[in-house]
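Thank you all for coming; I would like to spend the next few minutes on how two chains sit against each other. Please have a look at the picture first, and then I will go through it piece by piece.

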Amino acid sequence: MTMSWLLVTQPAFGATNCRSGPNQLFFAGWWSSGGPLVGHEPEGAKASLTYEYSDACLAVGSRDPSRWAWVMIQTSGAGNFYAQAGYWNGGGPLDCWQHFTEWNNNAGPHHVNGACVSGVQTHTPKVAYVPATGATQMWIDTTLFSTMNICTCTWARPLVVDYLGETHDTGTDVPGYPNTKTDWNTMQIQYFTDNTWHGTCGTITLRRSVTFNGYDADAVACNHVRSWTK
Amino acid sequence: MNGARGFVVSLLLMAATTGCVAQPGSSGAPAESALKAEWKLPDSEITLAPPGVAVAKMTGDAAYDVCTKSAGSCNFGQPTAVQLAVATDTGSGQLDAQGKLVPLLNKTLVWAISWIGITCPPHSGGPPVSSPLNAAASEQLCDKVAFVDATTGAFIFDYSYPHQ
């Protein structure tokens, strides 16, 4: 009888290897989609966002274990035209959960990272159009993180508002779990027509979007939504 | 090939503007230097100016250490440069008690830790509305600069953008 030694590399507790192909995007949350506009067209978005956290898969090769949650304004046309604010974690061993903002005018991402955050915290990410300049500003609470000096009025309309969690690999958990759901509350949109802010109740139709069956999302009220990993 | 050529050109330009020194820092980061010419970061209102006679209260190596260990923003391999500079940004700020926007960078002496021509850090983006699933291509190159206050040692923020 021959005894052989089997060497097994154990992943960290609770972790699995990343498994999705490159450049994959997965979402859980709510957005106004690009269908016929029912209600008011948004040009800005904000919410009181309770930061909840989640585990990442173990990166293999170029796999991307990052996870995110944010508010966003984007085009309803083709291409990467968006501006967003929220929090994320890259999933690497030295990465932390951080505030971030990002915008893209279809020529690549412009990304700002702020300080690390930890523990359950509630912040107000905001993407706001500035009528005086035509710029769009991205805020977390009272901190202006970045300014996009390109008018969103040049993007294919109607503009779309998003309140979503995101991953790039189904082995990574979208932020939040059943008992600690990521929570967007007191959601508001800025009207394209007059630049003023209004609650999402009775002003815009949001649609649920969950693109992987391991994630989930619900609506507590018309201005209050959540997403999490099952 | 074009990407590689652009990377080499960028390195040469960086060397020309910074007057790179040969000795690396003890953390493994490139040797610190003073910015030699004004540098306006693309698609932003961030401007870096030479520091003149200003003296940092911490080393560039210590700033890199702050950025790596407590901010999670310097984990992209060896930086291209660690430069002392005076930074101003009119596109970011903090509202004070009176509602006035106070710039985060206002002629602030910083260590600017930069990576030129790196694979773009992970980035977000929304769901496709009318086009196929369209995550930004991972082969795209970006430049990235992280700012650490050279007086207080505080991490301020980092900014990445498409490689120029």
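Let me begin with the salt bridges: across the interface of chain A and chain B the rule finds 0 of them, and I should say straight away that this is a predicted model. Polar contacts are another matter, since 11 residue pairs, with both residues at pLDDT 80 or more, are found in polar contact across that interface.

Which parts of chain A supply this side? At least two residues each come from β1 (26-31), β3 (67-74), β4 (81-89), β5 (98-105), β6 (109-116), β10 (143-148) and β11 (160-167) of chain A, and of these β6(A) gives the most, with 8 residues. Sorted by class, the side of chain A that touches chain B holds 23 nonpolar, 24 polar and 5 charged residues.

Staying with β6(A), this strand is joined by 3 bridges to strand β9 (residues 155-162) of chain B, and the two run antiparallel. Within that pairing, His111(A) stands opposite Ser160(B) in β9(B).

Finally, the overall extent: 52 residues of chain A are in contact with 41 residues of chain B, and the two chains bury about 3,400 Å² between them, with 53% of that on carbon and sulfur atoms. On the chain A side, the residues that lose the most area to chain B are Asn23(A), Leu25(A) and Pro109(A), which together account for 16% of what that side buries.

Conventions: Residues are numbered from 1 along each chain as its sequence is written. Chains are lettered from A and ligands numbered from 1 in the order in which they are written. This is a predicted model: local features need pLDDT of at least 70, side-chain atom pairs count only at pLDDT 80 or more; totals for chains, interfaces and linings use all residues. Side-chain values use heavy atoms; hydrogens and water are left out. Contact means heavy atoms within 4.5 Å. Buried area is the accessible area (1.4 Å probe) that two parts lose on being put together, summed over both. A salt bridge is a side-chain nitrogen of Lys or Arg within 4 Å of a carboxyl oxygen of Asp or Glu. A polar contact is a pair of N or O atoms within 3.5 Å; within protein, one must be able to donate a hydrogen and the other to accept it, and residues adjacent in sequence count only if both atoms are side-chain atoms. Helices (H or I, at least four residues) and strands (E, at least two) are DSSP runs, numbered from the N terminus. Ala, Val, Leu, Ile, Met, Phe, Trp, Tyr, Cys and Pro count as nonpolar, Asp, Glu, Lys and Arg as charged, and the others, Gly among them, as polar. Two strands pair if DSSP finds at least two bridges between them.
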